[in-house]
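This report describes a single protein chain, from helix packing to one sheet and one residue at its edge.

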Amino acid sequence: MTRGRGYALLALVVAAIVGLSTAIYVGVAPDDALRNRNALGDGRAPHNSAAPASTGTWVGTWSTSPSAAEPGTETTGMADRSVRNVVHTSVGGTGARVTLSNLYGQSPLNITRATIAVSAGNGTAAALADTMRQLTFGGGPTVVIPPGRQVMSDAVRVVVPHDADVLITTYTPTSSGPVTYHRHARQVSYIAQGDHTQDATGTPYTERTGSWRYLTALDVLSNESDGTIVALGDSLTDGVTSTPNTNSRWTDVLADRLRAEIAAGRDLPRYSVVNQGISGNQVLADGLGRPADNPSGLNRFGRDVLERTNVKVVVIDLGVNDILRNPRLADPNAILNGLRTMVGQAHARGAKVVGATLMPFYGHRGYTEAREAVRQTINAEIRAGRVFDAVADFDQALRDPYDPRRLRADYDSGDHLHPSDKGYARMAESFDLETLKGSAPAEL
């Protein structure tokens, strides 16, 4: 091939790639719209990026569910402050894009600058300077997110490692009303006064926070993964009693375990893992407010699960709060029907569903023998295969063999409901990775 023909062919390839770019995505839309965002991106970095053009599959490497309007932010929000969210990746990639949410805002959220960078280390607001990239939205550095909506950034070229901390920083000059946040991050993030989105030193970030604000997803263009596992759950998935900054939620351990088994040569699907747990979440009941704080699993399933990027498998671990928080005795059939509804919705989108048995809570202040009977009824249906495509038997894995109504002592955080770090690890270790194989059963 002549050099002229080679250049012409290269130009055609580049043109085809750039042609994949689409207009900015604003609002809550099906995940197909998200996956069809540009596959290369032109995120203008604070300095020139030497990263080459990338290929791969868009997957979620981290996500969280917007759980509520942050108390105390109704008047000033996060005006004139930089929010540096620290998140942990399950797989790596050579391109990235983020989703920002103004679900609970009461006026437009004006983001005038946003950046992404790989963290310089654990427990720091400092970034690796050569990874700092400015994020763009529809080609520009600013974006306005209407109340109740979300926005996805353009793709940007940046090498994102697996099992690493990533810093996503936003700056808004004005208040948008209540801040959309995820309360129990179990991860320290940072806040600075003024616009320090491009600061790599971390020095201005003097305020620490245990919540994530505005940010709800980080996707990567990955050659390590072919799809995403989405875990939907309550505090047991949120990891509310796990040690902060150690990524000890069962979903974190599952991601590490799956990657290690594949690296060792085991024939398993190459999937990332993202966590959509909200502490206190129920299958059936919403929290207070409009939009509701802590929306039910049923009401948030489309947004928080099916609209994640490239979903292949859904893991559902919900139902305990329906039992414990019901002032009357919960109806097991209503809970089971709610779970089956979510399974049907996942199947309609081609996703397989693994369901978890409900773990014991004897010794917790909400325990009664009647509530224990409801738990046992639900678990019997799950184990019989009449709810999910496959089962993760967390109950069997963590219960005390001498008293199955309670957690085994070393798996108990001390409140007799939530696991210790060892208990969370045991949940992930007990998960049968073979159940990740295959797809949703055909609907007849």
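A crossing of two helices is called right-handed if the near helix is turned clockwise from the far one by less than a right angle, and left-handed if anticlockwise. In this predicted model, α5 passes α7 in a right-handed crossing. Helix α5 covers residues 297-306 and helix α7 residues 332-348; the two pack at an angle of about 25 degrees, and their axes lie 10 Å apart. Because angles under 35 degrees count as roughly parallel, α5 is roughly parallel to α7. On the α5 side the contact is made by Gly297, Leu298, Phe301 and Leu306, and on the α7 side by Gly338, Thr341, Met342, Gln345 and Ala346.

The chain as a whole contains 10 helices and 24 strands. It has 444 residues, of which 57% count as buried. Among contacts between residues at least 6 apart in sequence, 80% join residues at least 24 apart.

Five of the strands, in the order β19-β18-β20-β21-β22, form an open sheet with parallel pairing. The edges are taken by β19 and β22 (390-392); each has a single partner strand, so one side of each is left without a neighbour in the sheet. On average, neighbouring strands of this sheet are turned by 25 degrees against each other, direction ignored. Within the sheet, β20 (residues 311-317) and β21 (residues 352-356) pair in the parallel sense over 4 bridges. One residue pair across these strands is isoleucine 316 with its bridge partner in β21, glycine 355.

Helix α4 (residues 250-263) packs on the sheet and touches β18 (227-233), β19 and β20. The direction of α4 makes about 175 degrees with that of β19.

Edge strand β19 spans residues 271-277 and includes asparagine 275. Is asparagine 275 buried or exposed? Its relative accessibility is 12%, and since buried means under 20%, asparagine 275 counts as buried. Its side chain reaches two backbone atoms, as listed here.

| Side chain | Backbone atom reached | Distance |
|---|---|---|
| Asparagine 275 | oxygen of threonine 237 | 2.7 Å |
| Asparagine 275 | nitrogen of glycine 277 | 2.8 Å |

Leaving aside residues up to four places away in sequence, asparagine 275 touches Ser63, Thr64, Ala231, Thr237, Asp238, Arg249 and Thr251. Thr237 thus appears among the residues touched, and the backbone oxygen of threonine 237 is reached by the asparagine 275 side chain.

Methods
Residues numbered from 1 in each chain as written. Predicted model: local features only at pLDDT ≥ 70, side-chain atom pairs only at ≥ 80, totals over all residues. Heavy atoms only, no water. Buried < 20%, exposed > 50% of the residue type's maximum accessible area, 1.4 Å probe, protein only. Polar contact = N/O pair within 3.5 Å; in protein donor to acceptor, adjacent residues only side chain to side chain. Contact = heavy atoms within 4.5 Å. Pairing = 2+ DSSP bridges. Axes fitted to C-alpha atoms, helices over the stretch in contact; angles between N-to-C directions. Parallel < 35°, antiparallel > 145°, perpendicular 65-115°, else oblique.
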